[in-house]
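Here are some exercises to work through with the model open beside you. Try each task before reading its solution.

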Amino acid sequence: MIEVHNLKKHFKAVKAVDDISFVAEDGKITGLLGPNGAGKSTTLKMLYTVLEPDSGKALIDGFDSHKESMTVQSSIGVLTHNAGIYERLTARENICYFGELHGLTGEHLNNRINELVDVLDMEKFIDRRCKGFSQGQKTKVALARALVHKPKNVLLDEPTNGLDVMATRGLREVILRLKEAGHCVLLSSHIMQEVAFLCDEIVIIANGKVVANGSPDDIRNLSNEDNLEDAFVKAIGSEEGLG
Ligand SMILES: Nc1ncnc2c1ncn2[C@@H]1O[C@H](COP(=O)(O)OP(=O)(O)OP(=O)(O)O)[C@@H](O)[C@H]1O
């Protein structure tokens with residue numbers, strides 16, 4: 001479970017995250033939805049411990065992401081925007097390396113990797129070196145790496161970035177399975193349709209602030225709009241960034 005309390009982060013004059021609070025529960029998919037530059041990635045970076053908040057706090061299963069970052073790191077799996085993978089290693093070696101960092105070894109690790117290869121449809125390239133991989137292949141490797149240790153909390157920054165239709169469907173399947181298994185899934189996107197399709201809860205962010213929060217139905221009702229896209233436009237106050 002992820003709890004965000006009055007989180008703030010600025011970069012010089014830019015208030016990237018300006019007093020954001022929300023909760024992402026276990027067994028649910030929560031979407032951070034907002035136009036480009038809204039503050040989604042900055043919020044996620046504070047949750048996955050790479051950025052220190054100016055004020056406020058983020059708790060992952062009750063542990064403070066800044067003050068107890070080591071504990072938090074063991075219970076999260078993260079897919080970042082530009083997930084750097086080691087190009088000189090094969091896809092399998094990349095995933096294996098991360099598994100070992102999380103204390104997995106031997107048959108247990110091999111079985112887990114084979115499971116992910118199957119789910120993410122990676123057979124064709126799992127033993128190829130990553131140099132020259134397509135965006136979709138890189139995303140799959142990064143996602144497998146994020147999930148190898150079966151983290152309780154899964155944070156995905158724009159997970160369908162660069163994926164084709166089939167890969168996007170595969171990824172949705174993976175995300176839904178994580179939810180069914182009781183994981184807490186928090187993903188960011190600027191694509192309203194994607195969030196509406198997948199998420200149980202939506203946190204709409206604009207200019208570093210939460211402008212609406214609730215189930216897709218709540219958000220439609222709050223804005224008096226039948227159509228979620230219209231509700232989104234109303235919430236963010238412009239049509240900028242619609243996917
Ligand atoms: N390291 C940084 N230095 C300066 N400004 C930054 C930095 N990181 C983020 N910002 C600014 O903070 C604001 C929020 O950026 P952020 O990346 O969190 O947005 P986002 O909602 O993830 O956008 P996108 O959908 O385009 O990825 C933007 O104005 C951005 O330019």
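A residue counts as near the ligand if its C-beta atom, placed from the backbone, lies within 6 Å of it. Please keep in mind that this is a predicted model.

**Exercise 1. Find which element gives the largest share of the shell around the ligand, and describe the shell by class.**

Step 1. List the shell. Around the ligand are Phe11, Val14, Ala16, Gly34, Asn36, Gly37, Ala38, Gly39, Lys40, Ser41, Thr42 and His190.

Step 2. Assign residues to elements. Strand S2 (14–24) and helix H1 (40–47) are the elements that give two or more residues to this shell.

Step 3. Pick the main contributor. H1 supplies the largest share, three residues.

Step 4. Sort by class. The shell holds four nonpolar residues, seven polar ones and one charged one.

**Exercise 2. Work out the order of the four strands in the antiparallel open sheet, and say how H1 sits against this sheet.**

Step 1. Read the order. The four strands run S2-S1-S4-S5 in an open sheet with antiparallel pairing.

Step 2. Locate the edges. S2 and strand S5 (63–64) are the edge strands, each pairing on one side only.

Step 3. Look at one pair. S1 (residues 2–11) and S2 run antiparallel and are joined by eight bridges. As an example, Val4 has Phe22 in S2 as its bridge partner.

Step 4. Add the helix. H1 packs on this sheet and touches S1, S2 and strand S4 (55–60). The direction of H1 makes about 120° with that of S1.

**Exercise 3. Trace the six-stranded open sheet, and explain why one side of S6 and of S10 is left without a neighbour in the sheet.**

Step 1. Read the order. The six strands follow S6-S7-S8-S3-S9-S10, and their pairing is mixed.

Step 2. Explain the edges. Strand S6 (76–79) and strand S10 (209–214) each have a single partner strand, so one side of each has no neighbour in the sheet.

Step 3. Note the twist. From one strand to the next, the twist averages 15°.

Step 4. Check a parallel pair. Four bridges connect S6 with strand S7 (residues 153–157), and these two strands run parallel. Within this pair, Val78 stands opposite Leu155 in S7.

Step 5. Return to H1. This helix packs on the six-stranded sheet too, touching strand S3 (28–33), S7, strand S8 (184–189) and strand S9 (201–206). Here the direction of H1 makes about 150° with that of S7.

**Exercise 4. Classify how H3 packs against H5 and against H4: roughly parallel or oblique?**

Step 1. Take H3 with H5. Helix H3 (residues 91–101) and helix H5 (residues 135–147) pack at about 25°, their axes 8 Å apart. Angles under 35 degrees count as roughly parallel, so H3 is roughly parallel to H5. The crossing of H3 past H5 is right-handed.

Step 2. Identify that contact. H3 brings Ala91, Asn94, Ile95 and Phe98, while H5 brings Val141, Ala144 and Arg145. By class, five of these residues are nonpolar, one is polar and one is charged.

Step 3. Take H3 with H4. H3 and helix H4 (residues 106–119) pack at about 130°, with axes 10 Å apart. The two helices H3 and H4 are therefore oblique to each other, and their crossing is right-handed.

Step 4. Identify the second contact. Arg92, Ile95, Cys96 and Gly99 of H3 meet Leu109, Arg112, Ile113 and Leu116 of H4. This contact has five nonpolar, one polar and two charged residues.

Note on methods: Residues are numbered from 1 along each chain as its sequence is written. This is a predicted model: local features need pLDDT of at least 70, side-chain atom pairs count only at pLDDT 80 or more; totals for chains, interfaces and linings use all residues. Ala, Val, Leu, Ile, Met, Phe, Trp, Tyr, Cys and Pro count as nonpolar, Asp, Glu, Lys and Arg as charged, and the others, Gly among them, as polar. Two strands pair if DSSP finds at least two bridges between them. Two residues are in contact if their C-beta atoms, placed from the backbone, lie within 7 Å. Axes are lines fitted to C-alpha atoms, for helices over the stretch in contact, and angles run from 0 to 180 degrees between N-to-C directions. Angles under 35 degrees count as roughly parallel, over 145 as roughly antiparallel, 65 to 115 as roughly perpendicular and the rest as oblique. A crossing is left-handed if the near helix is turned anticlockwise from the far one by less than a right angle, and right-handed if clockwise.
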